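Subject: Structure handover

Hello,

The structure we discussed is below, followed by notes on its cores and its pocket.

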Amino acid sequence: GMRTLVRWAARLYPAAWRERYGEEMDALLEDAGAGGGDLWDMVRGALFMQMTSLSFWKILTGCALAGVLAAGIWSATQPRRYTSTAVMRIGGSPDEAQIHLQRLQQVTLSRSSLAPIITRLGLYPKERKQIPLEDVIEEMRNRDLRIRPVDSTTFSVEFANQNPGAAQATVRALVGRMIEQN
């Protein structure tokens, strides 16, 4: 876990420093426990010490390692997202289907369509406490919701959420709304 990463980061310190202070550092980590902030402090301190005595290539390698480590920490702290997808076919010629899809998209992505879905399914509870519903709807459209053509008469409706049940329920509600419009 995090403690292993912090111990690994301690190995970035120069060998002479590790020989002299390594045991004290291990004892300190044992007593205090290790968190993400400690990891960053360890990496930053090690890079600073290494930079005073290293060549350009070693500095570059150290920065690359720090970047990889930061990306790993970032991805580990991101919540998992589940995407639910439904595929629908529109009857008629490809041109008619295209026009019909644009109309369906416009109606389905409207505030009057999305607001009741968001409130009924309890989507974005944290965001709804902090920002106006209009902004929540905009975030939903831009980040989590996709309606896109698959081919000339078929399109997909996709919604991503941390809760797989909410993702499925939202896609069902959107598809239901589109069928009503049809």
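The largest nonpolar core (buried Ala, Val, Leu, Ile, Met, Phe, Trp, Tyr and Cys residues joined through side-chain atoms within 4.5 Å; buried is under 20% relative accessible area with a 1.4 Å probe, protein chains only) has 27 residues. Leu123, Met140, Phe155 and Phe159 have the most contacts inside it. At least two of its residues come from each of β1 (82–89), α5 (94–108), α6 (111–121), α8 (133–144), β2 (145–149), β3 (154–161) and α9 (164–181), and α9 gives the largest share, 7 residues. Helices (H or I, at least four residues) and strands (E, at least two) are DSSP runs numbered from the N terminus.

A second, separate core has 15 residues, among them Trp17, Met42, Leu47 and Leu69.

The model is predicted: local features need pLDDT of at least 70, side-chain atom pairs count only at pLDDT 80 or more, and totals for chains, interfaces and linings use all residues. Residues are numbered from 1 along each chain as its sequence is written, and side-chain values use heavy atoms, with hydrogens and water left out.

The largest pocket (an open set of points on a 1 Å grid over the protein atoms alone, where a 1.4 Å probe fits, with protein on both sides within 12 Å along at least five of seven lines; lining residues have an atom within 4 Å of a point) has 13 lining residues. Nearest its centre lie Tyr124, Glu127, Arg143, Asn161 and Gln162. α7 (125–130), α8 and β3 each give two or more lining residues, with the largest share, 3 residues, from α7.

Regards

Definitions and conventions
Buried < 20%, exposed > 50% of the residue type's maximum accessible area, 1.4 Å probe, protein only.
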